[in-house]
Amino acid sequence: MKTTPFRAVAFLLVVLAPRLFAESALKANDRVVFIGDSITAQGAKAAKGWAPLIRETLGKTGKKCDFISLGGGGQTLESWQNVELKSRTEPLILDVPNVDVKETLDRGAEVIVVMLGMNNVLSPRLTEKPEALDKWAENYRNFIRDLRARAHPRVFAIATPTLCTENENSTKNRVMRLLIERIQAIAKSENCLVLPTHEAMNRMLNEGRRRDPEFSVTVDLVHPNQAGHVSIAAGMLEGLGESKAAQLLLAEWIPKFWNDKQETLSWWVEEQAASGSGETATFRISYEHQIPGGSSAGASLEPPDGWKIVTAEKSAATGFFVVEGTPDRLTNRFALKAGSLSRTVSIPAPWIVGVGNAGGNGWKGIEFNPKGGALPVDDAFSRGEGFGALQEVIPGHPILWKRYFAATGYAGGPAEGALDISAVSFFQTNDVCYGARWIYSDRQRSVSLRVVSLGISGKNHLTAWMNGHEISSGMIAVAPVMVKTELEKGWNRLVFKSNHRQWRWQFALDIVPQQGDVLEDLRIRIHPPE
């Protein structure tokens with residue numbers, strides 16, 4: 001299949017344009033004010049951030065506007081309401097240097113664009129209960145009315161919050177879509193435009209992943225990289241009715257993100273179902289093979305020992321394999337081949353993970369006291385007992401269990417020790433997560449446990465046990481902590497407990513060999529061996 005940059009541009013525009021070819025909402029010399037969080041601040045400060053890209057691209061169409069960005073790191077919708085209120089009586093500068101909120105809003109604007117909601121979901125400052133989401137929508141409606149009364153814009157636009165994780169099915173993006181549904185209802189009743197920035201970023205991600213399995217639109221699963229900035233700018237331009245500018249922008253940048261003049265082979269993996277003893281798993285490995293000026297004969301897949309291909313379906317350059325087996329190696333590797341290309345598809349060993357609420361036990365601010373946070377279920381879990389069973393952390397707060405596979409789109413990607421709790425639960429402040437693996441070693445050996453945060457803003461504590469003995473306890477940090485421990489000959493159990501306070505909950509527990517050792521003989525399971 002051959003896809004030119006221009007075809008890709010047209011394809012991207014299909015979902016970006018609820019106002020496609022509509023009259024532009026912008027007029028020459030309009031004063032446009034963007035209001036948001038760190039994504040708005042970075043979009044203004046970066047040389048090729050989404051705000052400068054909008055200004056430059058509009059200039060190529062002959063339209064000049066004055067763009068001002070009011071972005072503040074960590075800002076939620078509700079905190080921005082407080083910022084707006086405070087700025088009525090005193091100067092206030094957020095993350096964009098020399099841009100005063102008071103002066104900017106008092107002066108007024110022809111166009112106001114608000115993009116908020118990311119930090120409400122990321123922190124999270126709300127639950128996914130309908131009443132909580134409706135309250136958020138009510139606050140948004142009041143914020144719009146307050147800004148209108150103060151700045152008197154001709155046009156008010158709401159940009160949809162961008163991706164949180166790069167998996168559209170994550171708990172974070174699921175709640176983000178619920179916010180977007182409410183944004184669309186608000187826009188209809190308050191006569192606002194909706195700018196499809198979430199949809200634009202997701203479409204850019206999907207188009208890139210069709211060519212490269214590691215293509216990304218963020219630097220940290222939240223803040224945009226260059227592809228993310230371009231997609232946000234394109235979504236905003238389309239929502240404002242500037243289709244020509246959006247086309248110019250994408251036509252300029254898309255060839256820099258992927259080269260459709262070279263052969264590519266991409267793939268993505270989706271867990272299908274559990275079967276048998278609970279250690280067996282089924283996955284769908286989909287692929288896309290592109291040959292410029294030619295056609296693909298399809299791909300072949302060679303599974304590792306113990307795995308089988310259940311079904312295979314190939315159609316032109318795309319297809320999939322359904323595979324079944326026991327993912328008992330730290331990394332289970334499949335050889336994918338098509339045309340002149342060979343690639344390794346990795347499926348990591350799973351964890352069994354459970355999340356529940358601990359009611360704040362052990363926390364004082366952002367400091368955690370393990371003794372104060374000890375819970376009745378800790379002893380049984382440290383012994384490897386009770387995983388997967390109906391349990392309550394504290395009365396009224398059951399633990400929800402899941403077999404967890406690290407995967408692309410989440411922190412750490414498909415690395416064997418990575419854990420991103422947003423793949424398991426739309427977690428809340430004071431939640432606790434328990435996890436376990438049983439590890440078989442063909443001999444006694446010394447190893448290290450590498451504990452590291454995979455998110456830059458989380459406040460989380462972690463305790464780890466090996467064979468019932470506590471081997472690590474402390475706050476999870478971006479600087480790795482290496483803990484020496486022993487694997488006995490035969491089965492060993494690695495158990496962890498992590499207490500969450502705020503922001504992201506992403507970390508890794510990696511078994512690291514001592515010098516000269518390899519870990520190819522290790523076997524993993526998520527249920528105690530008989």
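This text walks through the pockets, the cavities and two helix contacts of the structure. The model is a predicted one.

Start with the open spaces. The largest pocket holds about 1,400 Å³ of space. Its lining counts 50 residues, and Asn 167, Val 269, Ala 407, Thr 408 and Gly 409 sit closest to the pocket's centre. Several elements of the fold take part. Helix H8 (171-190) and helix H9 each supply at least two residues of this lining. Strand S6 (264-275), strand S12 (341-348) and strand S18 (400-404) each do so too. By class, the lining of the largest pocket has 22 nonpolar residues, 16 polar ones and 12 charged ones.

Next comes the second largest pocket. Its volume is about 420 Å³. Here 18 residues form the lining, and those closest to the centre are Leu 400, Ser 425, Phe 426, Gln 428 and Asp 431. H8 appears again, since it supplies at least two residues of the lining of this second largest pocket. Strand S13 (351-357) and strand S17 (397-398) each supply at least two as well. S13 gives the most, with three residues. The classes in the lining of the second largest pocket are six nonpolar, eight polar and four charged.

Now turn to the enclosed spaces. Rolling a probe the size of a water molecule over the atoms shows where empty space is left. Across the whole structure, a search finds two cavities of 30 Å³ or more. The largest cavity contains about 70 Å³ of space. It has 13 lining residues, and Leu 122, Thr 165, Ser 422, Arg 504 and Gln 506 lie nearest its centre. Six residues of this lining are nonpolar, three are polar and four are charged.

The second largest cavity contains about 30 Å³. Asp 37 and Ile 39 belong to its lining, as do Pro 161 and Thr 162. The run of Met 115, Leu 116, Gly 117 and Met 118 completes the lining of the second largest cavity. Five of these residues are nonpolar, two are polar and one is charged.

Helix packing is the last topic. Look at helix H10 (residues 226-239), which packs with helix H9 (residues 197-209). The angle between them is about 135°, and their axes lie 8 Å apart. That angle makes H9 oblique to H10. The crossing of H9 and H10 is right-handed. From H9, the contact uses Thr 197, Ala 200, Met 201 and Met 204. From H10, it uses Ala 227, Gly 228, Val 230, Ser 231, Ile 232, Gly 235 and Met 236. In the contact of H9 with H10, seven residues are nonpolar, four are polar and none is charged.

H10 has a further partner in helix H3 (residues 50-60). The axes of H3 and H10 come within 8 Å and cross at roughly 55°. H3 and H10 are therefore oblique to each other. Their crossing is right-handed. On the H3 side, Trp 50, Leu 53, Ile 54 and Leu 58 make the contact. They meet Gln 226, His 229, Val 230, Ile 232, Ala 233, Met 236 and Leu 237 of H10. The contact of H3 with H10 has nine nonpolar residues, two polar and no charged ones.

Compare the two lists for H10. Val 230, Ile 232 and Met 236 of H10 take part in the contact with H9, and these three also meet H3.

Key. Residues numbered from 1 in each chain as written. Predicted model: local features only at pLDDT ≥ 70, side-chain atom pairs only at ≥ 80, totals over all residues. Heavy atoms only, no water. 1 Å grid on protein atoms, 1.4 Å probe; cavity = no way out; pocket = protein on both sides within 12 Å on 5 of 7 lines; lining within 4 Å. Points joined across faces, edges and corners; volume = space filled by probe spheres on them. Nonpolar A, V, L, I, M, F, W, Y, C, P; charged D, E, K, R; others polar. Axes fitted to C-alpha atoms, helices over the stretch in contact; angles between N-to-C directions. Helix = DSSP H or I, 4+ residues; strand = E, 2+ residues; numbered from the N terminus. Parallel < 35°, antiparallel > 145°, perpendicular 65-115°, else oblique. Left-handed = near helix turned anticlockwise from the far one by under 90°. Contact = heavy atoms within 4.5 Å.
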